[in-house]
Amino acid sequence: MSEKFDVIVIGSGPGGYVCAIRAAQLGLKTACVEKRKTLGGTCLNIGCIPSKALLSSSEKFEEAEHHFGDIGIETKPKLNLKKMMAFKDDVVEANTKGIEFLFKKNKIQHIEGAAEIVAAGKVKVGNDEYEAESIVIATGSDVVSLPGIEIDEKKIVSSTGALELSEVPKSMVVIGGGVIGLEMGTVWRRLGTDVTVVEFLDQIMPGMDGEIRKESEKIFKKQGITFKTSAKVTSAKATAKGVDLTMEPAAGGAEEKMSVDIILMAVGRKPYTEGLGLEKVGVELTERGQIKTDEFFETSVEGIYAIGDVITGPMLAHKAEDEGVILAEMLSGESGHIDYNLIPGVVYTWPEVANVGKTEEQLKEEGVAYNSGKFPFMANGRARAMGMMDGFVKILADKATDRVLGAHIIGPGAGDLIQEVVSVMEFQGTAEDIARTCHAHPTLTEVVKEAALAVHKRPIHI
Ligand code: NAI
């Protein structure tokens, strides 16, 4: 007889493992199927965590190489890439083992292998069959490439290969000026690679506030990244030496040829549904290959649910986590809700870029009257003391009610600073609320407060 669970979660990334933990906390008998050897999905194994380890290490290297002298520390650092990679691998191992521990603690059964849904309530892993009241698909996403360009993870790499290079390439073309392109491009630029980012649109970082996009391109250029915007790569072929590629203007025109050591493909990700047997059981997909769900995350088949990158919405670990928690709570009879407008986005370059809520462009398009307040890190004592003065905080608030509608930050610690605004927005707070809240001095948080004061045209330090 097959073993029976209340919930079987397929995939152990941030969506899946968090859903499994919450379900187990609520007393549901839970299993999680994972085909990778280690738990944690893309995020922990080949995404967020290893990339942040390399971003943090390469940032320290760049500081030591170029900026320590400015503050009176004479040193000449030498890169040991093997050790930097080993540190990253240790970080990944510690994190994935952490999930193993949490599974044991919460008595979640970890089933190793690839799951196929054979019917509503029935999952097959290898030769074993399992039954479940509810099945949660949390299989995440996979890299996409461009037609005719094959990712070999050696010379033409995705983010996965870019985390594993065994030596510092002399030159790299990054296709796509989005999150992965800029984060991984930054890592290798800091370690000595000549990086060119080719972006199809006329500006990098699509979806971000226009001013942030402009400012970030300016700062990254100053740091040494070359940008070719309104351009597309039309072919790329690995050779004995590296990669030969051709590109042309996005609107068509004269072709340009280039030879580089490495190409990093970062033009987006696609939902991962391979091998799940969705067609056979009748789970419907959108035109873009995402699993269709209703507001309760239920698919077109009763009892089969989906969360995270495999459904619509931003492909972000914290979005998947929140969906996992709410779904587990709904499965145990509670109710829940996510405000998708309040999911922050962070790009972990230096300076960091972070956003929540509406951009100025969106507010204009929606015809919403708003006030904007902006304050630069340059005028903040702590930022000066840290020698990190690039960027600004911008807060957008409703003209009539002062309710905060969006915040856009480029600057030191942006990813942490944005959280204050997310909380204020969650409680439907105003710019005045932020401005009247005491912010410790000297901290970078004062830039958020000053931007809120600037909404009412009364910043103190500018
Ligand atoms: P992305 O969607 O962020 O950026 C892809 C970029 O490629 C866009 O700017 C697009 O205009 C450009 N592009 C598309 N086709 C092109 C072409 N033929 N030639 C040149 N440019 C082209 O996708 P990315 O960076 O691959 O990231 C994938 C997903 O992973 C995103 O949803 C992202 O949010 C997520 N992610 C999030 C991170 C974070 O939150 N810090 C870190 C890494 C990934």
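These legends describe close-up views of a predicted model.

**View 1. The shell around the ligand.**
The ligand is surrounded by 22 residues. Of these, Ile180, Glu183, Glu199, Gly268 and Val346 come nearest. By class, the shell holds 15 nonpolar residues, 4 polar ones and 3 charged ones. Helix 6, spanning residues 179-190, gives the most to this shell. Its contribution is 3 residues.

**View 2. Polar contacts of the ligand.**
Glu183, Gly268 and Val346 are shown with the ligand, each in turn. Glu183 uses its side chain: an N or O atom there is 3.0 Å from a nitrogen atom of the ligand. Gly268 uses its backbone, with a polar atom 2.9 Å from an oxygen atom of the ligand. Val346 also offers a backbone N or O atom, which lies 2.8 Å from a ligand nitrogen atom. Taken alone, the ligand exposes 840 Å². The protein buries 78% of that area.

**View 3. Domain 1 against domain 2.**
The chain is divided into three parts: domain 1 (3-142 + 270-338), domain 2 (156-267) and domain 3 (342-455). Domain 1 is thus made of two segments. The centres of domain 1 and domain 2, taken over C-alpha atoms, are 28 Å apart. Their contact takes 17 residues from domain 1 and 15 residues from domain 2. Between them, domain 1 and domain 2 bury about 1,300 Å². Carbon and sulfur atoms account for 64% of that buried area.

**View 4. The cis peptide bond at Pro351.**
Trp350 and Pro351 are joined by a cis peptide bond. Omega is about -5 degrees. Pro351 sits in the loop between strand 18 (345-347) and strand 19 (352-357). Val346, with its backbone atom 2.8 Å from a nitrogen atom of the ligand, falls within the range of strand 18.

**View 5. The cis peptide bond at Pro442.**
A cis peptide bond also links His441 to Pro442. Here omega is about -5 degrees. The loop that holds Pro442 runs between helix 13 (431-436) and helix 14 (445-455).

**View 6. The backbone at Lys107.**
Lys107 has a phi near 55 degrees. The value is positive, in a residue other than glycine. Lys107 is found in the loop between helix 4 (81-105) and strand 3 (109-112).

Key
Residues are numbered from 1 along each chain as its sequence is written. This is a predicted model: local features need pLDDT of at least 70, side-chain atom pairs count only at pLDDT 80 or more; totals for chains, interfaces and linings use all residues. Side-chain values use heavy atoms; hydrogens and water are left out. A residue is near a molecule or strand if one of its heavy atoms lies within 4 Å of it. A polar contact is a pair of N or O atoms within 3.5 Å; within protein, one must be able to donate a hydrogen and the other to accept it, and residues adjacent in sequence count only if both atoms are side-chain atoms. Accessible areas come from the Shrake-Rupley method with a 1.4 Å probe; for residues, only the protein chains shown count as cover. Helices (H or I, at least four residues) and strands (E, at least two) are DSSP runs, numbered from the N terminus. Ala, Val, Leu, Ile, Met, Phe, Trp, Tyr, Cys and Pro count as nonpolar, Asp, Glu, Lys and Arg as charged, and the others, Gly among them, as polar. Domain bounds come from an automatic or database domain assignment. Contact means heavy atoms within 4.5 Å. Buried area is the accessible area (1.4 Å probe) that two parts lose on being put together, summed over both.
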